[in-house]
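Here is a short tour of a protein chain and the ligand that comes with it. Have the viewer open while you read, and follow along residue by residue.

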Amino acid sequence: TIGTSNAQSFQESKEQKEKRMQWFQDAKLGVFIHWGIYAVRGIPESWSFYNGYLSYDEYMSQLNGFTAKNYDPVAWAKLIKESGAQYTVITSKHHDGVALWDTQASDLSLVKKSPAARDLLTPFTKAVRNEGMKLGIYYSLLDWSCKDYPHETRTSMRYQVKDDPARWERFLEFDKKQLTELNKQYKPDLYWFDGDWDFNSATWKAKDMASMLRSYNPNVILNSRIQGYGDYETPEQGVPIRRPASPWWELCMTMNDSWGYAPTDTNYKSANMLLRTFVDCLSNGGNLLLDIGPKEDGTIPQEQVDILKEFGRWTKKHADAIYGTRAGIPEGHVMGYTALNKNQDILYIYLPYKPIGPISVKGLKNKVNRAWIVGNGALLETKVVGKAYWSSVPGILYFDVPEQVQDPQITVVALLLDGKI
Ligand code: H79
């Protein structure tokens with residue numbers, strides 16, 4: 001058995017990891033949900049008391065306004081499925097420490113402290129499974145409400161871990177207790193950690209934490225925010241300029257500039273802008289985890305519903321060119337984003353523009369056996385120009401993409417090659 005680039009919390013071969021990561025690598029699209037008491041006032045999740053925008057007590061008074069009275073977890077799961085997402089990740093507890101489930105580790109939950117007064121995760125996790133999707137649970141390792149977490153902005157909680165290791169140990173036990181509850185009640189396929197930045201791997205005892213979760217479920221997937229013991233990279237808000245070294249990565253991104261419900265934030269990206277980012281992820285072999293922020297009553301804002309539905313239209317039509325694909329060819333061969341099928345003998349070209357004249361692909365050594373518009377089937381005529389018998393230069397492949405077969409968002413062309421690229 002061998003390790004990979006990450007520190008290992010258990011023994012696993014390269015092949016075993018590839019197998020464990022397969023659903024994630026093939027999934028390509030997930031939906032992230034930030035739902036918590038911050039939706040009551042429509043302010044930033046947790047950070048709005050950390051940064052002094054309001055006091056801790058004012059922030060927590062939002063508990064009284066969280067009703068979940070129109071919460072329809074089955075409709076949520078159906079909408080998420082309809083978008084083309086294969087998995088979803090929901091906040092079980094953000095940095096503010098308010099749990100969405102009936103945790104026994106503290107009283108601070110929407111079950112015990114809000115008018116919603118019920119476990120909000122159970123019905124959603126069931127609906128997600130009913131839709132055949134994978135379930136991810138977001139969990140903030142830090143907790144700005146737990147008295148044993150050293151929180152620099154709250155006087156009573158300030159201390160140095162080295163001065164009171166027993167207190168820190170109590171905090172770690174608190175996290176482990178909550179994670180154990182989450183595992184027992186929801187058996188998530190993936191944990192999406194956040195808030196590990198205050199301490200290093202040794203202080204978090206990240207290895208123990210990861211080992212515990214992997215002992216509960218050896219197939220579980222952990223994101224990278226657990227100080228060296230995660231399975232995949234977790235960039236935020238923008239596709240890295242250089243392709244991530246890891247074959248497993250996921251971009252998390254908001255639709256406007258907010259993770260949670262924020263009615264004053266009208267800075268929405270268009271469906272077209274988000275689809276471009278999606279194909280950018282595909283071309284680099286990653287996933288997109290697209291965020292929504294429901295209101296306190298459980299309603300999903302209309303702008304977000306509309307974007308998910310437009311994703312649904314596009315992903316349904318282009319499913320062949322999305323799920324199970326792998327990173328494409330390097331930039332420079334063609335103007336557009338590219339991906340390959342698993343066999344590496346179909347090249348998908350995503351065109352986020354209306355072509356003027358033919359599309360050209362240079363440096364392609366394979367012969368193209370067939371070219372078509374994905375989701376439409378229209379065959380395209382290709383021709384190679386500049387291939388000379390005396391030269392190893394493959395010539396330039398040209399094809400036209402007629403107006404009537406173009407997609408209103410991003411047109412996708414497939415080239416079936418005469419063998420692996
Ligand atoms: O849940 C969403 C955000 O609330 C949370 N992650 C997404 C998914 C998040 N927001 N910002 N961050 C995580 C990163 C924190 C930034 C920090 Fe810092 C900058 C941590 C360390 C340096 C702020 C400034 C906290 C300490 C110093």
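The largest nonpolar core of this predicted model has 108 residues. Within that core, the residues with the most contacts are Val-89, Ile-137, Tyr-348 and Val-412. Helix H12, which runs over residues 271-283, supplies the largest share of the core, namely seven residues. Both domains take part: at least three core residues come from domain 1 (14-317), and at least three from domain 2 (326-417).

Val-412 is a good residue to click on here. Setting aside neighbours within four places in sequence, Val-412 is in contact with His-318, Ala-321, Tyr-348, Ile-349, Tyr-350, Val-374 and Gly-375.

Now zoom out to the whole protein. There are 13 helices and 15 strands, and 42% of the 421 residues count as buried. The C-alpha trace spans about 80 × 50 × 35 Å along its principal axes. How does the radius of gyration sit against that of a compact globule? For 421 residues the globule value would be near 22 Å, and the protein has 24 Å, which agrees. As for the contacts, take those between residues at least 6 apart in sequence: 69% of them join residues at least 24 apart.

Next, the ligand. Which residues are found around it? They are Glu-45, Asp-194, Trp-197, Cys-252 and Trp-259. Sorted by class, this shell has three nonpolar and two charged residues, with no polar ones.

Cys-252 from that shell deserves a closer look. Its place is in strand S6, residues 250-253. Cys-252 counts as buried because 21 other C-beta atoms lie within 10 Å, and the cut-off for buried is 20 or more. Leaving out residues up to four places away in sequence, Cys-252 touches Phe-32, Thr-234, Glu-236, Leu-289 and Asp-291. You can also check a pair that is remote in sequence: Cys-252 and Gly-30 are 222 residues apart along the chain, while their C-alpha atoms are separated by 9.0 Å.

Glu-82 makes a useful companion case. This residue lies in helix H6, residues 73-82. Is Glu-82 buried, exposed or partly exposed? With 17 other C-beta atoms within 10 Å, Glu-82 is partly exposed, because that count falls between the limits of 12 or fewer for exposed and 20 or more for buried. Not counting residues up to four places away in sequence, Glu-82 touches Leu-308, Lys-309 and Gly-312. Its C-alpha atom is separated by 9.7 Å from that of Glu-131, a residue 49 places away along the chain.

Finally, two backbone angles to look up in your own tools. Ser-46 has a positive phi although it is not a glycine, and Gln-344 likewise has a positive phi without being a glycine. The table sets out their details.

| Residue | Phi | Loop between | Other C-beta atoms within 10 Å |
|---|---|---|---|
| Ser-46 | about 60° | helix H3 (38-41) and helix H4 (47-50) | 26 C-beta atoms |
| Gln-344 | about 65° | strand S9 (337-340) and strand S10 (346-351) | 12 C-beta atoms |

Both residues sit in loops, Ser-46 between two helices and Gln-344 between two strands. Their surroundings can be read from the last column: Ser-46 is buried, with 26 other C-beta atoms within 10 Å, whereas Gln-344 is exposed, with 12.

Definitions and conventions
Residues numbered from 1 in each chain as written. Predicted model: local features only at pLDDT ≥ 70, side-chain atom pairs only at ≥ 80, totals over all residues. Helix = DSSP H or I, 4+ residues; strand = E, 2+ residues; numbered from the N terminus. Contact = placed C-beta atoms within 7 Å. Near = placed C-beta within 6 Å. Nonpolar A, V, L, I, M, F, W, Y, C, P; charged D, E, K, R; others polar. Core = buried A, V, L, I, M, F, W, Y, C linked by C-beta atoms within 7 Å. Domains from an automatic or database assignment. Rg over C-alpha atoms; globule rule 2.2 N^0.38 Å.
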